[in-house]
Each structure stands twice: as C-alpha cells, then as structure tokens.
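Colleague: Before us is a model that I should like to learn to read feature by feature. May we begin with the overall make-up and then turn to the details?

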Amino acid sequence: MKRRDFIRGAAAGAVAAGTGLATAPAQAARKIKWKMVTTWPKNFPGLGTGANYLAELIEEMSGGRIQVKVFGATELVPAFEVFDAVSRGTAQLGHGAAYYWKGKSEAAQFFTAVPFGLTAQEMNAWLYHGGGMDLWKEVYAPFGLVPAAAGNTGVQMGGWFNKEINSVADLEGLKMRIPGLGGEVLSRAGGTPVSLPGGEIFPSLQSGAIDATEWVGPYNDLAFGLYKAAKYYYYPGWHEPGSTMECMINKEALEALDPDLQSVVKNACRVANQDMLADFTARNNAALETLVTEHKVELRRFPDDVLSKLKTLSDEVMAEVAAKDPLNQKIFDSFRKFRDQSVEWSRLAEQAYLNARNG
Ligand code: CA
C-alpha cells in the first residue's frame, strides 16, 4: 500500500512538474492574437492613433508574444457596443471613454470626466495614488472587465455654437452633443443633451440635427472640420477638464496570460496614458493657431455668470448621482475629497505659476 501510494504520488508530482515546465515555453512559442475594438473612427488623430500606439506597445513589450489587431468604430462592432463586445469576449480589449457606459453603470462617468472636476494631472494622481483605480475596478468587475487609464486629452474646449452664449437663457432649448455628466448639467440648464459617437458629430451639426457640439479640443476638432459647421468656438471646457480615455480588458483573457504578459498589458496602458496627453498638449497649440488664423474661427469665453451657474448645477447633479447608489456615493466621496485637496494645492502650484507666467 505504502509503495503504491508513493508511486502514485510520484507520478502525480511528475505530471504536475511536467505541466509546469511545459506551460511557459508553450505560451512563449504560441502567438496570442487579441482584438481591440474602439469607439473612435479608425486612425482618428490622437484618440484612434493613441489606441494604435497602445496595441503596438503591447506587441513590442511582449516581444511579439501578443499581437493586437485594432478595429475602428463600426469595423467589428458599432462605437457604443464596445463595452458589451469586450465583456462577452468578442474582443479582448476595448478603447473608449467610460462615460459612454453610463447606461451600464452611472458610476462609470466619474472615470472619464467630472464637470469642474480634476485636471489630467490630478486625474492620474487620483487614479494611481488616490484610490481611484480600485474604485473603477469595482465598477467594472460585475461585467468581467478590468479597466485601465489609456490616454488623456487634457482640458477640452467648451464647444462649437452657431449663436453667442451671453447668458444662461441662451442655453435653454439648445440641442447639444455633450455626453456624460456634462450633458446632465446642460439638461438642468434647460438644454437637450445628445450623446453621439465622434463619427456622427459633423454631419449632425451640419444638417442642423443638433445646434451645438463639444468634441475635444483644437487638434481633434480641426480634424473633424467642425469649424465648417459652426461659427463660435467656446472655452473653457468646464464639463471635461481632463478626460481620461480607457482601455477595458476582458478579465478572463487577462488572467489567462502569464504574469509577465499581464504586467506588459497593464504597463503598456500606463505608457499610452501618458503619451496621449503629451500628443494632445503638443498638437493643440498648433491646431488652435490654424483654426484662428487660417479658418477665422471666433473664440469666445463663456461669461462668468454662465460658468458659475453651470458649476452650481454640476454640484447638484453630482450629489444626486451619488445618492442613487452606495457605490456611487463611495466614489463621489473619494473624488470630492481629492478635488478639495487639489483645489488648495493647485492654487499655490499650477494656478499661481500660470498666473505669474501668463499674466
Ligand atoms: Ca468631449
């Protein structure tokens, strides 16, 4: 009996050891082919090229062990079906913005942009070192998804309008493409928010289906030719002060990878996150000049009383969204605490410095 047990045990051990030894070379030799679906038109400057860059990074950092094929919006699935496609495993990766998925979870909106919320620098600080990332993971876990920050546009522009906005009354009845929490705020101000994927914005504005739109900033808005369909270009982008783009990862697919490859995927997102912000910052400068000098775009700043009203309405919307659900409240409390601290510090840091430099 003892001898038989010993033999059986040894045989089991040998099988286990054999499996262990066999796995690593097998995965190393086998090319893992992943798909990335995106909410952006294929190769769209900044956002689409940012998704391409992330795919290239994963391939390069994995030494070619993971290959990622990128699909633009509608190539494999429509823009607003990216979340479901990655959740059910049709694709392993999805590049988009979390606020598109408010129909799945209202809390998702906190991870793209909050009106009068955090700047890009502060968003990264909250996500990576202020508890934000763990909260985002909690929101996506029921869908079998792992989120990662994978890009940031910096402060956006307020948007394109065909009439001047001189008072809060001018927002009444305005049908504007503006997604996420900013859209909720516009609706409190009497407007009608519309959520459209990027590719549908220009035709909608040109045909008059919408009266106004926001998109991103000079670099991206120039690429869509929005100046051909609206006269006034408003700032600042109160509704999106530093929008985080996301890469959602199918959890099962991620966990099936060897630990080093899991680290490659997560860290490639981190590099892409930083790189997109640099790309936007560099190119917005040049694109603004083109819009103003070449295309004669009229820049306008939202009046102070309009901004002040929108800020009050934003606080109301945030509090209401938070109160709907314990998880929303937990995220909002974390976000608000971080924002309050950021306000204090940024007064002495970025704000004081920029006032001194630009004043
Ligand atoms: Ca936007």
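Colleague: How many helices and strands does the chain have?

Modeller: This is a predicted model, and its chain has 13 helices and 11 strands. The C-alpha trace spans about 90 × 40 × 40 Å along its principal axes. Of the 359 residues, 51% count as buried.

Colleague: How should strand pairing be read, and in which order do the 6 strands of the open sheet lie?

Modeller: In a regular strand, side chains alternate between the two faces of the sheet. Here the order of the open sheet is β7-β6-β8-β5-β9-β11, with mixed pairing. The edges are β7 (192–194) and β11 (298–301); each has a single partner strand, so one side of each lacks a neighbour in the sheet. Strand β9 (residues 232–235) pairs with β11 in the parallel sense over 4 bridges, and Y234 stands opposite R300 in β11.

Colleague: In which sense do strands β1 and β2 pair?

Modeller: Strand β1 (residues 32–38) and strand β2 (residues 66–71) pair in the parallel sense, over 6 bridges. The bridge partner of V37 in β2 is F71. Together with helix α2 (residues 47–61), β1 and β2 make a right-handed β-α-β unit.

Colleague: Which residues are the protein donors of the calcium ion?

Modeller: A metal site is read from its donor atoms. The protein donors here are Q156 through OE1, E214 through two OE atoms, W215 through O and E240 through OE, at 2.1 to 2.8 Å from the calcium ion. Along the chain, these donors follow the spacing Q-x57-E-W-x24-E. Q156 belongs to the loop between β4 (145–152) and β5 (159–161), and E214 to the loop between β8 (212–213) and α8 (218–223), so the pair ties together parts that are 58 residues apart in sequence.

Colleague: Are Q156 and E214 buried or exposed?

Modeller: Both Q156 and E214 are buried.

Colleague: How is empty space found, and what lines the largest pocket?

Modeller: Rolling a probe the size of a water molecule over the atoms shows where empty space is left. In this model the largest pocket holds about 1900 Å³ of space. Its lining comprises 43 residues, of which T119, V155, P236, P241 and L354 are the closest to its centre. By class, the lining has 18 nonpolar, 16 polar and 9 charged residues.

Colleague: Which helices each supply at least two residues of that lining?

Modeller: They are α4 (120–129), α10 (259–294), α11 (304–323), α12 (326–348) and α13 (350–358).

How values were computed:
Residues numbered from 1 in each chain as written. Predicted model: local features only at pLDDT ≥ 70, side-chain atom pairs only at ≥ 80, totals over all residues. Heavy atoms only, no water. Donors = N, O, S within 2.8 Å, 3.2 Å for Na, K, Ca; no water. Buried < 20%, exposed > 50% of the residue type's maximum accessible area, 1.4 Å probe, protein only. Pairing = 2+ DSSP bridges. Right-handed = clockwise from strand over helix to strand, strands pointing away. 1 Å grid on protein atoms, 1.4 Å probe; cavity = no way out; pocket = protein on both sides within 12 Å on 5 of 7 lines; lining within 4 Å. Points joined across faces, edges and corners; volume = space filled by probe spheres on them. Nonpolar A, V, L, I, M, F, W, Y, C, P; charged D, E, K, R; others polar.
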